[in-house]
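Please go through the structure below with the notes that follow. They deal with burial, helix packing and a few single residues.

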Amino acid sequence: MESRFNLAGNALGSKFAKRFGNASMVVLQSTLPKTTQDLMMLRVSQINGCGWCTDVHSKDLAHAGQSSTRINLVAAWRESTVFTEPERAALALAEEGTRLADAGRGVSDETWADVRKHYDDDQIAALVALVAQINAANRLGVIVRQQGGSYEPGMFAEVTE
């Protein structure tokens, strides 16, 4: 399977990608732990079948020193013991916020209460924005069939700094 289209190689697509990336910086610069962000983005990308994003976030987690056990168990986080309670709350929010059509009810009151227990208002704003942002990124990647496998941690550092 080949990529259908290079969004960043098109003038309009490149303009959009730059603004999309700028919106992402708000979350990246928040107090929400970067590991939590990457765990959430990996899980949402797995659910949505985005090879590129799954590649990026699994490699970023490894590069940041996360164990292969934690990375490999993200897909089965409910049945594992390697995630903290705050991470579990964030992963539940990520899943429920992604599976809107599947769940029919959106994010449950139980999950929301768990998130409120572990995160302050700024972090909750970052969590909600992150779920929306990674779902949008996944859709872009899946629509154009952006292939996973070639990402190297840090390759976009000059873009995000």
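Ala 75 is partly exposed, because its relative accessible area is 45% and the class runs between the cut-offs for buried (under 20%) and exposed (over 50%), taken with a 1.4 Å probe on protein chains only. Ala 75 sits in the loop between helix H4 (68–72) and H5. Helices here are DSSP runs of H or I with at least four residues, numbered from the N terminus. Leaving out residues up to four places away in sequence, Ala 75 touches Arg 43 and Gln 46, where contact means heavy atoms within 4.5 Å. Gln 46 is 29 residues from Ala 75 along the chain, with 7.2 Å between the C-alpha atoms.

The model is predicted: local features need pLDDT of at least 70, side-chain atom pairs count only at pLDDT 80 or more, and totals for chains, interfaces and linings use all residues. Residues are numbered from 1 along each chain as its sequence is written, and side-chain values use heavy atoms, with hydrogens and water left out.

Three single residues are set out by place and accessibility.

| Residue | Place | Relative accessible area |
|---|---|---|
| Ala 75 | loop between H4 and H5 | 45%, partly exposed |
| Thr 111 | helix H7 (residues 109–118) | 8%, buried |
| Arg 145 | loop between H8 and H9 | 32%, partly exposed |

Helix H5 (residues 85–98) has 14 residues and spans 20 Å from its first C-alpha to its last, close to the expected 20 Å; the expected span is 1.5 Å times one less than the number of residues. H5 is largely enclosed by the rest of the structure, because 12 of its 14 residues are buried. Among them are Glu 87, Arg 88, Glu 95 and Glu 96. Thr 111 touches Ala 89, Ala 92, Leu 93 and Glu 96, again not counting residues up to four places away in sequence.

How do H2 and H5 cross, right-handed or left-handed? The crossing is right-handed, meaning that the near helix is turned clockwise from the far one by less than a right angle. The two axes come within 9 Å and cross at roughly 35 degrees. Axes are lines fitted to C-alpha atoms over the stretch in contact, with angles from 0 to 180 degrees between N-to-C directions. H2 contributes residues including Thr 36, Leu 39, Met 40 and Arg 43, and H5 contributes residues including Glu 87, Ala 90, Leu 91 and Ala 94. By class, this contact has 7 nonpolar, 4 polar and 3 charged residues. Ala, Val, Leu, Ile, Met, Phe, Trp, Tyr, Cys and Pro count as nonpolar, Asp, Glu, Lys and Arg as charged, and the others, Gly among them, as polar.

The largest nonpolar core has 24 residues, of which Met 40, Val 115, Tyr 119 and Leu 127 touch the most other members. Helices H1 (11–28), H2 (34–48), H3 (51–63), H5 and H8 each supply at least two residues of this core, and H8 gives the largest share, 7 residues. Apart from this core lies another of 9 residues, among them Leu 39, Leu 61, Trp 77 and Phe 83. Such a core is a set of buried Ala, Val, Leu, Ile, Met, Phe, Trp, Tyr and Cys residues joined through side-chain atoms within 4.5 Å.

Arg 145 has a phi near 55 degrees, a positive value in a residue other than glycine. Most residues other than glycine have a negative phi.
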